Amino acid sequence: MKETPVNKIMENTLEKMREMVDVSTIIGEPMTTGGVTLIPVSKVSYGFTSGGTDLPSKSNAELFGGGGGGGITITPVAFIVIENGKTRLMQINNYTSSADRAISMIPELVDRVTELLKADKKDAPAEETASE
């Protein structure tokens, strides 16, 4: 691929954006207070653009004009709460769809199924003894 001024503009724009956002921006550092661990979760949206053109010249010199830019929005959306060995997701803003609501219920559902399975295992030996 030929290296052009537009490529250089794009590379510089993307590199600056990479410097600003990393994985810890989306899933934040855990905070522990009073036996409860909170992990912030954010939504990151970004966009960028660049462009350029070769300008006409009366001399043999190549003239180029161009520019680029980008923007990032970081929005806190939830906290992962870990308390007494249980994990749940607390959303900050309202659910935007049924899928959001279903996804937010997964940790609680896993906890409940685990509790049911533990309860079944505890009850199983007692039932066998009673039937004999």
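The following exchange concerns the sheet and residue T37 in a predicted model.

Me: Why is T37 called buried or exposed, whichever applies?
Reply: T37 has a relative accessibility of 18%. Buried means under 20%, so T37 counts as buried.

Me: What makes the pair T37 and T32 a polar contact?
Reply: The side chains of T37 and T32 come to 3.3 Å. The cut-off for a pair of N or O atoms is within 3.5 Å, and the pair therefore counts as a polar contact. T37 lies in strand β2, and T32 stands opposite T37 there.

Me: Which residues is T37 in contact with, leaving aside its neighbours within four places in sequence?
Reply: They are P30, M31, T32, I80, V81 and I82.

Me: How do you know that β1 and strand β2 pair?
Reply: Three bridges join β1 to strand β2 (residues 36-55), in the antiparallel sense. Pairing requires at least two bridges, so β1 and β2 qualify as a pair.

Me: What makes strand β3 and β4 a pair?
Reply: Strand β3 (residues 63-83) and β4 run antiparallel and are joined by six bridges. At least two are needed, so the criterion is met. Within this pair, I82 stands opposite T87 in β4. The two strands form a hairpin with two residues between them, and N84 in the turn has a positive phi of about 55°.

Me: Why are β1 and β4 called edge strands?
Reply: The open sheet has the order β1-β2-β3-β4, with antiparallel pairing. Both β1 (31-33) and β4 (86-91) pair on one side only. The twist from one strand to the next averages 30°.

Technical notes
Residues numbered from 1 in each chain as written. Predicted model: local features only at pLDDT ≥ 70, side-chain atom pairs only at ≥ 80, totals over all residues. Heavy atoms only, no water. Helix = DSSP H or I, 4+ residues; strand = E, 2+ residues; numbered from the N terminus. Axes fitted to C-alpha atoms, helices over the stretch in contact; angles between N-to-C directions. Buried < 20%, exposed > 50% of the residue type's maximum accessible area, 1.4 Å probe, protein only. Polar contact = N/O pair within 3.5 Å; in protein donor to acceptor, adjacent residues only side chain to side chain. Contact = heavy atoms within 4.5 Å.
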